[in-house]
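Good morning, and thank you for making room for me in today's meeting. I would like to walk slowly through one structure, so please keep the picture in front of you while I talk.

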Amino acid sequence: MRKLSLIMGSLLLFVQLIAQQRMITGKVTDAAGTPIPNATVMVKGSRQGTTTNNEGSYSLSINNSAKVLVISSIGETEQEITIGNKGIINASLQASDKTLETFVVVGYGVQRKSELTASVTKVGGDKVANVPLSSVDQVLQGKVAGLQSVTFSGQPGANQQVRIRGVGSFAASAQPLYVVDGIQINSGDLSRETTTTNVLASINPDDIESVSVLKDAGATAIYGSRGSNGVIIINTKRGRSGRTVFSATGEVGNNKHGDIPSIGMPLRSKDWLTLFKESILNAGYPQATADATAANYGDGTVDTDWLGLLTRSGKQQQFNLSASGGDEKTRFFISGGYFKQEANVIGSDLTRYTSIINLDHTVNKKLSFSLNLQPSFSRQNTPLSNSSAFSNPVMEFYFLRALQAPFNTDGSLNIGTAAKDFSSTYNPLYILAHDIHTNNTVAGNAKATARYNILDNLTYTSSIGLQYNSLEEYYYNNPFHGDGKAANGRGYAYNTRFSLYDVTNQLDYRANLTKNKDLVLSAKVGYEAIESRGYFVSAQSQNFPTPTLTDAVVASTPTIASNNGSDYSFASVFSNARLIFKGKYILEGNFRRDGSSRFSDAHRYANFPAISAAWDITKEAFMANASAVSELKIRGSYGSSGNAEIGNYPSQQLLGYGLNYAGQPGGGFNSIGNNQLTWESSKQTDIGLDLSFFNRRLGFTVDFYKKVIDGLIFQVPISQTSGFSTINRNIGAMQNTGVEFTVNATPVATKDFTWDMSFNITYNKNKVTKLPPGQTQVLNGNFILKPGYDIYTFYMRQWAGVDPNNGDPLWYTDSSKKATTNNYNAAQRVPTNKTATPKFYGGFSNTFTFKGISLSGDFYFNYGNYVQDGWAAYFYDEVNPSYGKYTANLQRWQKAGDITNVPKLVYGASNFSSSTSTRFLFKGDFIRLRNVSLGYTIPRALAQKMHLTSLKVYVRGTNLWTKRYDPNIPFDPEQNINSQSNLNVFYNKALTAGLNIGF
């Protein structure tokens with residue numbers, strides 16, 4: 001009986017459980033009615049769920065207590081449906097509205113876009129993924145108003161110059177602060193011997209979920225002493241609950257060097273000989289002397305195409321595979337990537353391996369954890385560039401004569417020392433074949449975070465982040481030809497290691513302060529500690545026994561063996577409070593108190609407050625009938641931030657060793673220090689307007705800003721009885737004022753055809769307002785710092801052209817431009833009206849979609865600045881006649897009455913015609929087709945038959961077209977921030993094809 005009772009009881013319990021559950025079925029489709037496979041169907045608040053089959057259908061057993069279904073799919077808007085008594089629940093998902101970004105990542109958290117009071121621009125991960133560029137800072141060019149990103153080198157993995165709202169410093173760094181997944185990283189070029197590297201090049205752009213650019217004080221003050229130059233927050237992708245989604249992408253193609261203006265191409269043999277002989281005749285020598293002198297360099301039968309030999313069609317490829325998914329408890333995103341790019345110049349390339357593991361786990365309603373791991377490895381081969389003399393292949397392209405033969409008659413590389421060979425230059429083919437210039441970098445970011453919900457509206461978050469960079473650089477000069485010949489070979493080995501810890505503890509609170517929920521308070525307070533340590537080992541040696549042994553250890557003569565370190569730390573408290581009344585009046589305040597090891601005890605701490613407000617006019621009653629207006633919000637902010645990027649020990653008097661005597665160690669002071677040194681501070685005012693119409697199909701954003709930077713660090717003279725001639729002091733000031741304008745629009749949106757466009761433009765004006773006491777101007781190379789002038793105002797003699805009567809070079813005698821002289825030294829250096837700062841810059845993008853076909857194009861433009869040819873003294877000047885010359889020299893003055901800008905060529909001339917003057921300043925105006933892409937996404941039904949969720953094929957072109965506006969510029973107008981052309985690797989024009997697969 002007892003067994004029977006047990007059986008009957010179990011049956012009764014089973015029947016009851018069955019009675020408490022029921023089955024629902026349904027179908028999930030997109031807006032066009034096409035079934036969506038693998039859509040997620042979950043019971044809200046539980047782990048009950050399923051996915052749709054290939055026909056979009058599902059069936060799910062639910063408890064009677066279930067109230068809401070949550071249905072979602074990638075690329076579609078999530079939908080919640082009340083279950084009630086329904087047995088069949090169908091869902092039609094709408095495509096995600098990409099123009100409406102609900103949440104934006106800001107300092108130490110996330111905000112609803114509708115609650116933003118500061119100037120923040122978000123760039124979605126889809127805008128930076130699948131591009132043939134090595135780092136995200138390159139991809140940002142032209143996508144954000146107020147952000148100037150300059151690509152000055154075509155070297156893969158090159159450092160990128162980025163400025164937000166103008167140049168923010170004279171002596172300190174002007175680069176923005178980069179925050180990657182909450183870690184304030186060491187950014188920029190960390191190498192010591194490699195031509196150029198970039199920390200951001202170790203991050204795969206395909207792994208990025210979003211980029212937020214923080215521009216005004218309302219957004220950057222919470223980063224205190226490091227936010228003066230703006231902040232760029234990079235967040236990587238994370239997993240979402242639902243079925244595991246795989247994505248694979250591949251892209252392959254080629255690149256070649258960008259366009260070189262015809263007048264900037266070096267002369268070929270016959271033209272070079274013609275001009276060379278002409279210059280000798282113009283110097284008063286007879287024809288026989290001209291012929292004999294020219295014969296030392298060749299007879300014109302050798303006509304080498306150095307451009308063709310030193311450049312190539314570089315191969316590039318990238319492949320990425322990722323998996324994302326999980327459930328309500330645990331979510332993950334895992335990816336691996338491979339990127340390889342050969343530059344258009346031989347000997348220049350980058351190979352990179354990246355991976356990422358992001359995990360999120362919810363223990364219960366109170367506790368959750370997350371883990372980020374981003375290890376990477378990259379290898380760069382970087383030929384010397386800019387001022388690294390004749391080992392630079394780009395420099396040799398200009399310096400070599402077409403008369404110089406790269407090969408001997410037997411096919412071997414020519415390293416002869418005769419005048420017609422390589423007496424004053426190097427054969428770059430031999431250098432690249434026998435020298436080594438490489439860098440291996442192991443890098444990684446890692447972060448562990450724990451969150452505990454103390455109350456429903458109070459959360460405690462604790463995290464520790466780690467950034468690690470290890471660079472192994474090796475540089476070898478062969479013993480037979482080039483820089484290492486005199487030393488019988490040279491080897492340089494550098495090991496550089498940086499480790500950074502970023503520990504944060506914060507409380508977040510959000511509550512309704514009134515019963516009707518009209519007044520909402522959102523606040524946070526936290527403590528952050530950052531410590532960074534650098535460790536450096538250097539070894540150099542020379543006199544190698546054989547060219548086949550290239551490691552520095554085999555050389556017989558060590559020349560340097562050293563190691564040293566450098567570190568810094570920050571300790572900070574930060575807070576933020578935001579009051580929202582009826583969702584339309586928002587008042588926000590930020591405060592940070594920073595302490596830094598870079599300053600003395602007397603000036604170690606500083607406060608950085610900011611206040612901002614916004615009024616969402618759209619939510620006012622008087623706007624009820626303005627149905628065409630989707631958004632109308634006015635923003636305003638004022639606050640301060642700082643710049644502590646001035647080196648690690650500027651306030652301290654440093655003692656250096658190495659001054660040895662009689663075998664005994666010795667040392668001496670090598671830095672005077674200044675214990676009164678403190679942060680460069682920035683106070684910024686911003687007024688902004690966000691306006692959109694027609695359900696956000698047309699939107700405008702306008703910001704007016706004024707940024708005053710005070711306490712600029714200058715080196716000022718002191719009595720040399722101190723043992724030093726200058727000391728650093730905070731005694732300068734300048735300001736940036738400007739306007740940013742952005743428009744986003746969808747002019748056409750039909751069932752089959754969509755046209756999206758965006759445009760942004762920035763106007764920025766820089767002005768120096770204060771100099772060291774007693775100084776009316778400060779010279780900085782070819783620039784002058786003077787109150788009322790741009791920080792990059794050119795200071796030089798003003799070119800007046802060529803005297804048409806005799807071909808003499810002419811300069812204006814003074815700033816009045818009323819008189820000219822052919823005596824270079826009689827002309828005054830004056831502040832010109834030409835600067836290296838552009839007046840306007842921005843981007844323009846269009847995307848056209850017809851059914852599965854998409855065509856997009858991104859343009860970047862720059863206007864109003866000037867760039868300087870830093871090497872004109874060699875490529876125009878007959879004082880250095882043995883080097884290559886620009887084709888522009890063919891336009892030289894030859895007879896009375898000739899109107900030209902190239903003076904009479906005179907061998908060994910002393911007229912200084914190619915010395916520094918405005919003659920070699922060129923307009924930096926240009927428009928570039930930065931990216932163009934044509935793709936086709938196959939229909940969903942066809943993808944399903946292939947057991948895929950999506951499939952897209954595309955072709956892409958990068959930098960395919962450039963419009964220059966100065967017909968006389970001999971090089972590409974996109975140069976360094978300071979405008980100097982420096983013979984860097986040519987920019988890349990690339991054509992690639994790719995494939996994106998979802999499954």
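**A walk from the loops to the core**

Asn-543 has a relative accessible area of 32%, and it therefore counts as partly exposed. Please keep in mind from the start that what you are looking at is a predicted model. Asn-543 sits in the loop that connects β25 (519-542) with β26 (557-581), and its phi is near 70°, which is a positive value in a residue other than glycine.

There is another residue of this kind, Ser-979, which has a positive phi of about 80° although it is not a glycine. Ser-979 belongs to the loop between β48 and β49 (980-981). Is Ser-979 buried or exposed? With a relative accessibility of 1%, Ser-979 counts as buried.

Let me turn to the nonpolar side chains. The largest nonpolar core holds 40 residues, and the members that touch the most others are Leu-147, Val-211, Ile-232 and Ile-234. Strand β15, which covers residues 208-214, gives the most to this core, with three residues. If we take Leu-147 and set aside the residues up to four places away in sequence, we find that Leu-147 touches Leu-140, Val-162, Arg-163, Ile-164, Val-213, Ile-232 and Tyr-841. A second core, separate from that one, has 34 residues, and Ala-343, Val-867, Phe-920 and Leu-983 are among them.

Nonpolar side chains also appear at the surface. A patch of about 720 Å² is made by Phe-848, Phe-850, Ile-853, Leu-855, Leu-934, Tyr-936, Val-953, Val-955 and Leu-995. Which strands supply at least two residues each to this nonpolar patch? They are β43 (840-850), β44 (853-863), β47 (926-937) and β48 (950-964). As one example from the patch, Leu-934 lies in strand β47, and because its relative accessibility is 42%, Leu-934 counts as partly exposed.

Strand β43 also contains Ser-845, which counts as buried at 17% relative accessibility, the cut-off for buried being under 20%. The side chain of Ser-845 makes a polar contact of 2.7 Å with the side chain of Asp-858. Not counting residues up to four places away in sequence, Ser-845 touches Asp-756, Met-757, Ser-758, Gly-857 and Asp-858.

Next comes a polar residue, Gln-380, which is found in strand β21 (residues 367-381) and which, at 5% relative accessibility, counts as buried. What does the side chain of Gln-380 reach? One backbone oxygen belongs to Pro-156, at 3.0 Å from the side chain of Gln-380, and another belongs to Thr-196, at 3.2 Å from that side chain. Leaving aside neighbours within four places in sequence, the contacts of Gln-380 include Gln-155, Gly-157, Asp-349, Leu-350 and His-437. Asp-349 is worth finding in the picture, since Gln-380 and Asp-349 are 31 residues apart in sequence but 5.8 Å apart in space, taken from C-alpha to C-alpha.

Finally, let us look at the charged residues. Side chains of opposite charge can pair when their charged atoms come close. How many salt bridges does the structure hold? There are 32 salt bridges. In one of them, the side chains of Asp-594 and Arg-592 meet at 3.0 Å, N to O, and both Asp-594 and Arg-592 are buried.

Arg-635 has more than a single partner to show us. With Asp-686, Arg-635 forms a salt bridge in which the closest N and O atoms are 3.8 Å apart. Asp-686 lies in strand β32 (residues 680-693) and Arg-635 in strand β29 (residues 629-643), so this pair ties together parts that are 51 residues apart in sequence. Asp-686 is buried, with a relative accessible area of 0%, and Arg-635 is buried as well, with a relative accessible area of 4%.

Arg-635 also forms a salt bridge with Asp-703, and here the closest N and O atoms are 3.1 Å apart. Because Arg-635 lies in strand β29 and Asp-703 in strand β33 (residues 698-717), the pair ties together parts that are 68 residues apart in sequence. Asp-703, like Arg-635, is buried. Through salt bridges that share partners, Arg-165, Lys-215, Arg-635, Asp-686, Asp-690, Asp-703 and Glu-740 are joined into one network.

Key: Residues numbered from 1 in each chain as written. Heavy atoms only, no water. Core = buried A, V, L, I, M, F, W, Y, C linked by side-chain atoms within 4.5 Å. Buried < 20%, exposed > 50% of the residue type's maximum accessible area, 1.4 Å probe, protein only. Helix = DSSP H or I, 4+ residues; strand = E, 2+ residues; numbered from the N terminus. Contact = heavy atoms within 4.5 Å. Patch = residues over 30% accessible without salt bridge, like charges linked within 9 Å, V, L, I, M, F, W, Y side chains within 5 Å. Areas by Shrake-Rupley, 256 points an atom, 1.4 Å probe, with all protein chains shown as cover. Salt bridge = Lys/Arg side-chain N within 4 Å of Asp/Glu carboxyl O. Polar contact = N/O pair within 3.5 Å; in protein donor to acceptor, adjacent residues only side chain to side chain.
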